[in-house]
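Thank you all for coming. I would like to walk you through one structure this morning, beginning with a sheet and then turning to the core and a few individual residues.

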Amino acid sequence: MLLIDAGNSVVKSRHINGDQLIDHRFIVSAKNAQGMDDFKAYLKQLRIDKIYIASVASAAVTTQVSSAIEQCLPNAELKRLITLASLGKIQNAYQNHTLLGVDRWLTILAADQFTNQDVIIVDAGSAITIDLISRKENHLGGAIIAGIHTDAARFKQIFPAVDFNHPDIQRNSDPGRSTAQCIHLTQGENVIDYTAALISRWQNLLQSPVQIILTGHDAEKIGDGLNQQYQIIPDLVFQGMLKQIQLQG
């Protein structure tokens with residue numbers, strides 16, 4: 001089985017071969033044809049019959065990735081994992097559940113197996129996302145912040161469908177339950193300090209003790225800015241993919 005996590009800047013793969021996990025990363029974008037060539041070369045080496053993809057990449061990149069899979073592994077069954085309104089015990093807090101990024105949805109699903117406490121999940125990539133999960137009330141929403149190395153122009157490119165003049169973007173002191181409500185414009189502020197302050201403030205909405213789970217390539221930098229314990233789980237999205245596959249049958 002092959003899992004594909006297509007993000008805003010990197011396509012990650014996990015080949016599950018018995019007990020063996022083989023991970024790869026590919027820089028796939030309109031400006032990097034070599035990355036797609038490397039991805040195709042890797043696919044051609046595989047002998048698998050099931051592929052699952054979760055993508056928050058642009059429509060163009062998602063199409064490229066899917067086409068490469070169909071071209072290189074035409075006999076494999078390809079399924080795309082999407083955000084659901086609920087699955088198992090998890091309820092999606094978004095007013096329109098389809099607008100919650102599937103990467104966030106999958107980390108929410110995965111967190112359940114790592115703690116029995118209320119939890120805050122931080123995925124620190126090109127965008128930093130924060131999600132709150134209460135054992136009593138389930139998903140409470142969260143935040144979306146520009147990543148540590150993401151400028152304002154790049155941040156807006158990541159969310160081309162968002163109206164950055166939407167009034168909900170200016171009224172986001174509470175965890176958001178739509179993309180506009182989640183977006184925090186932090187230009188000129190220290191992103192690590194801002195993230196830590198949000199976590200500290202929003203912990204009061206959850207039942208103590210609260211577990212902090214970090215993932216994404218800048219997880220360690222976010223962790224260094226916290227004055228409390230946390231756990232880094234680098235493969236949280238892949239864990240969520242497996243959880244959704246298992247629960248959906």
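How many bridges join strand S1 to strand S2, and do the two run parallel or antiparallel? Five bridges join S1, residues 2–6, to S2, residues 11–17, and the two strands run antiparallel; strands here are DSSP runs of E with at least two residues, helices are runs of H or I with at least four, and both are numbered from the N terminus. Within this pair, leucine 2 has histidine 15 of S2 as its bridge partner.

Before going on, I should say that this is a predicted model, in which local features need pLDDT of at least 70 and side-chain atom pairs count only at pLDDT 80 or more, while totals for chains, interfaces and linings use all residues. Residues are numbered from 1 along each chain as its sequence is written, and side-chain values use heavy atoms, with hydrogens and water left out.

The open sheet has five strands in the order S3-S2-S1-S4-S5, with mixed pairing, where two strands pair if DSSP finds at least two bridges between them. Strands S3 (20–26) and S5 (77–80) each have a single partner strand, so one side of each is left without a neighbour in the sheet.

Helix H1, residues 33–44, lies across S1, S2 and S3, and runs at about 155° to S3; such angles run from 0 to 180 degrees between N-to-C directions, with axes fitted to C-alpha atoms, for helices over the stretch in contact, and contact means heavy atoms within 4.5 Å.

Let me turn to the largest nonpolar core, that is, a set of buried Ala, Val, Leu, Ile, Met, Phe, Trp, Tyr and Cys residues joined through side-chain atoms within 4.5 Å. Of its 38 residues, Trp105, Leu106, Ile144, Phe155 and Met241 touch the most other members, and the largest share, seven residues, comes from H3. Beyond its neighbours within four places in sequence, tryptophan 105 contacts residues including Ile82, Leu87 and Gln244.

Is aspartate 131, in strand S9, buried or exposed? With a relative accessible area of 1%, aspartate 131 is buried, a word that means under 20% relative accessible area, against over 50% for exposed and partly exposed in between, using a 1.4 Å probe and protein chains only. Its side chain joins that of histidine 139 through a polar contact of 2.8 Å, meaning a pair of N or O atoms within 3.5 Å; within protein, one must be able to donate a hydrogen and the other to accept it, and residues adjacent in sequence count only if both atoms are side-chain atoms.
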